[in-house]
Amino acid sequence: MLKIVNNHPKTISVAIWYYSPNCPDGGNWAKKGWWQITPGLSKIVYGGSLKSLNRYFCYYAKATDGFQWSGPYTTLVPPQAFDWCLNTGNTQSTTAGFRLLDINGYDNFTLTLHA
């Protein structure tokens, strides 16, 4: 399982992308979001065994105060909750830059986000 902890003083919204072989868009990756995590709390954003997947995830998070955890890996994300293949988007989508997360063989991993 992949758990994300909010150690930031404001609520954060989190999205992930992960290995998903034969996603219907023709690719091998999927993306999902938005989990709302209040300060000091956590959410499980992927509940399965991490060892059965590719060792890489990507994540993007934004706080209500404007702080972001972003990176160079971009994809389209909508403003509402979603569960899509990586190459999917819609007319409301904007580009978000995701950070790479290497879980390196762990079956369970906790990512703590803080400013």
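**Exercise 1.** Determine how many aromatic pairs the whole structure holds, and classify the pair of Trp34 and Phe82.

*Solution.* A search of the whole structure, which is a predicted model, yields 11 aromatic pairs. To describe such a pair, one states the distance of the ring centres and the angle of the planes. For Trp34 and Phe82, the centres are 5.8 Å apart and the planes stand at 75°. Planes over 60 degrees apart count as edge-to-face, and this pair is accordingly edge-to-face. Next, locate the residues: Trp34 belongs to strand β3 (residues 29-37) and Phe82 to strand β8 (residues 82-85), so the pair ties together parts that are 48 residues apart in sequence.

**Exercise 2.** Decide whether Trp34 and Phe82 are buried or exposed.

*Solution.* Buried means under 20% relative accessible area. Trp34 has 12% relative accessibility and therefore counts as buried. Phe82, at 5%, also counts as buried.

**Exercise 3.** Classify the ring pair of Tyr60 and Phe98, and place both residues in their strands.

*Solution.* The ring centres of Tyr60 and Phe98 lie 5.8 Å apart, with the planes at 40°, so the pair is tilted. Tyr60 is in strand β5 (residues 56-63) and Phe98 in strand β9 (residues 94-102); the pair therefore ties together parts that are 38 residues apart in sequence. Tyr60 counts as buried because its relative accessibility is 7%, and Phe98 counts as buried at 0%.

**Exercise 4.** State which residues the ring pairs link into a cluster, and which residue lies over the face of Trp34.

*Solution.* Ring pairs link Trp17, Trp34, Tyr60, Phe82, Trp84 and Phe98 into a cluster. Over the face of Trp34 lies Lys62, at 4.6 Å from the ring centre.

Terms used
Residues are numbered from 1 along each chain as its sequence is written. This is a predicted model: local features need pLDDT of at least 70, side-chain atom pairs count only at pLDDT 80 or more; totals for chains, interfaces and linings use all residues. Side-chain values use heavy atoms; hydrogens and water are left out. Rings of Phe, Tyr and Trp (its six-membered ring) pair if their centres lie within 6.5 Å; planes under 30 degrees apart count as stacked, over 60 as edge-to-face and the rest as tilted. Helices (H or I, at least four residues) and strands (E, at least two) are DSSP runs, numbered from the N terminus. Buried means under 20% relative accessible area, exposed over 50%, partly exposed in between (1.4 Å probe, protein chains only). A charge sits over a ring if NZ of Lys or CZ of Arg is within 6 Å of the ring centre and within 35 degrees of the ring normal.
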